[in-house]
Structures are given as C-alpha cells and as structure tokens.
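Here is a briefing on one protein chain. Keep the sequence and the 3D view open while reading.

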Amino acid sequence: MERIDNLFHSYANTSLGMIDPEGIETLCSDMEVDHTDVRILMLAWKMKAEKQGYFTLEEWRRGMKALRADTVSKLRKALPELEKEVKRPSNFEDFYSYSFCYCLTEEKQKSIDIESICQLLDLVLGSHFRAQVDYFIEYLKIQSDYKVINMDQWMGFFRFCNEISFPDFSNYNPDLAWPLILDNFVEWMQSKQT
C-alpha cells in the first residue's frame, strides 16, 4: 500500500491532493501510452473515478490494488489484462455506460455534445462495431435535429449495435421502443442504400 501511495504522490497535484489532468498526462507519458488511448478510460473505469481527468487517492488505491500494480512498469504490464477484462461481455456494457457518465463534466449535466459523442463512440465502440459507429458518426455530423445525446440514446445505440442486423436492418422494428434518433438514423441509412 505504501508503494501505491508513493506512486500516487509522485503524480498528484499537492495543493489539490489528487492527480489532475497534468499528472495523468505525465503518467501516460511514463507508461508510453497516449492520453487519448481507450485504456486510460479503462483505467478510470477500474478505479471507478468520478471526475474526468482526476484521480483521488481512494480511487487510485482501488484501481492499483485490483490491478496488483505499485510501479509504472507493473501498471503498463497490467493494461493488456485490463483490456481483456473490459472486453468481456459481462463488463463491457458497464464500461460503455461508465464512459458516458465519466464525460459529464458539469454538475447536473445530463447530455453530451455531438462532437464529443462522436469521439467517444469511436474510442469506446469503434473496435467492436466499426461499420455501425462510422455510419452513425457520419449521420450525427450531418443531421440538425440533435445538438446533444443523452444516456438513453447512448445506451440505445449500444443495444442497437448488439441486436440489429447491419446494414440490412432486417430485424429492426421502428414500433419498438428505440430512441427516435435511431429511427431517424435507420431511415437515413435506408435512403442512402436506395
């Protein structure tokens, strides 16, 4: 525990008493991982970090103990295992939902702007559902009905990727309770295909 704490303090902003975005960037560079790498988000998920860009001592301890890491090199070596853990279906939905909440940076914020959603979708879901994510991002960028995406729409898209046959939509039923944005997306895709 002492080594875990010492590692925390080597990155922490002493006046804040937590690791801030600058500390995270230093940690990333020490691990030789880009700070925009999805594994950094996975690390935050493992710590159950509440505030984007910040790790408290308690969150840090939780994550490091779970990953059995008390040095930078052990942490770097733990990343492939962490990735496997997150990609297990039993964990992935939780990680996907966490990644949305983690990006809510303001008090009482309930939705995320389209540009940020596009980046987040690409980061979190891109490797799983490349085609769906690429088309949905293209759709989000050209449509003008939505300026933001809420949690219901975010989780709806995940369910959509897992359940709907793509790109023929043969099992898509617009009468079921899909978020309206997905009905619009399917219509847009179908008109593109004709």
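Helices here are DSSP runs of H or I with at least four residues, numbered from the N terminus. By that count, lysine 65 sits in helix H4. The model is predicted. The chain holds 10 helices and two strands, and it splits into domain 1 (3–87) and domain 2 (90–193).

**Overall layout**

- In sequence order, the elements run α-α-α-α-α-α-β-α-α-β-α-α.
- The C-alpha trace spans about 60 × 30 × 25 Å along its principal axes.
- An unreviewed UniProt entry lists "domain: DCUN1" for residues 1–190.
- Within residues 1–190, helix makes up 64% and strand 3%. The C-alpha atoms at the two ends of this span are 56 Å apart.

**Where the two domains meet**

- The C-alpha centres of domain 1 and domain 2 are separated by 28 Å.
- Domain 1 gives 17 residues to the contact, and domain 2 gives 14 residues.
- Together the two domains bury about 1,300 Å². Carbon and sulfur atoms account for 66% of that area.
- On the domain 1 side, Leu41, Trp45 and Gln52 lose the most area to domain 2. These three residues make up 49% of what that side buries.
- Which charged or polar links cross the interface? The rule finds zero salt bridges between domain 1 and domain 2. It does find six residue pairs in polar contact, with both residues at pLDDT 80 or more.
- Two elements give two or more residues to the domain 1 side: helix H3 (38–47) and helix H5 (72–87).
- H3 supplies the largest share of that side, with five residues.
- By type, the domain 1 residues that touch domain 2 are nine nonpolar, three polar and five charged.

**Salt bridges and helix H4**

- How many salt bridges does the whole structure hold? The search finds 12.
- One pair is arginine 61 with aspartate 5, whose closest N and O atoms are 2.6 Å apart.
- This pair links distant parts of the chain. Arginine 61 belongs to helix H4 (residues 57–67), and aspartate 5 to helix H1 (residues 2–11). The two residues are 56 residues apart.
- Lysine 65 is also placed in H4. Setting aside residues up to four places away in sequence, lysine 65 touches Met1 and Ile4.
- Between lysine 65 and methionine 47 the C-alpha to C-alpha distance is 9.5 Å. In sequence, lysine 65 and methionine 47 are 18 residues apart.

**Backbone points to check**

- Most residues other than glycine have a negative phi, and most peptide bonds are trans.
- Arginine 68 is not a glycine, yet it has a positive phi of about 50 degrees. Where is arginine 68 found? Arginine 68 is in the loop between H4 and H5.
- The peptide bond joining phenylalanine 166 and proline 167 is cis, with omega about 5 degrees.
- Proline 167 lies in the loop that runs between helix H9 (151–163) and helix H10 (180–193).

Conventions. Residues numbered from 1 in each chain as written. Predicted model: local features only at pLDDT ≥ 70, side-chain atom pairs only at ≥ 80, totals over all residues. Heavy atoms only, no water. Domains from an automatic or database assignment. Contact = heavy atoms within 4.5 Å. Buried area = accessible area lost by both parts, 1.4 Å probe. Salt bridge = Lys/Arg side-chain N within 4 Å of Asp/Glu carboxyl O. Polar contact = N/O pair within 3.5 Å; in protein donor to acceptor, adjacent residues only side chain to side chain. Nonpolar A, V, L, I, M, F, W, Y, C, P; charged D, E, K, R; others polar. UniProt positions renumbered as here; feature names shortened; annotations may be inferred.
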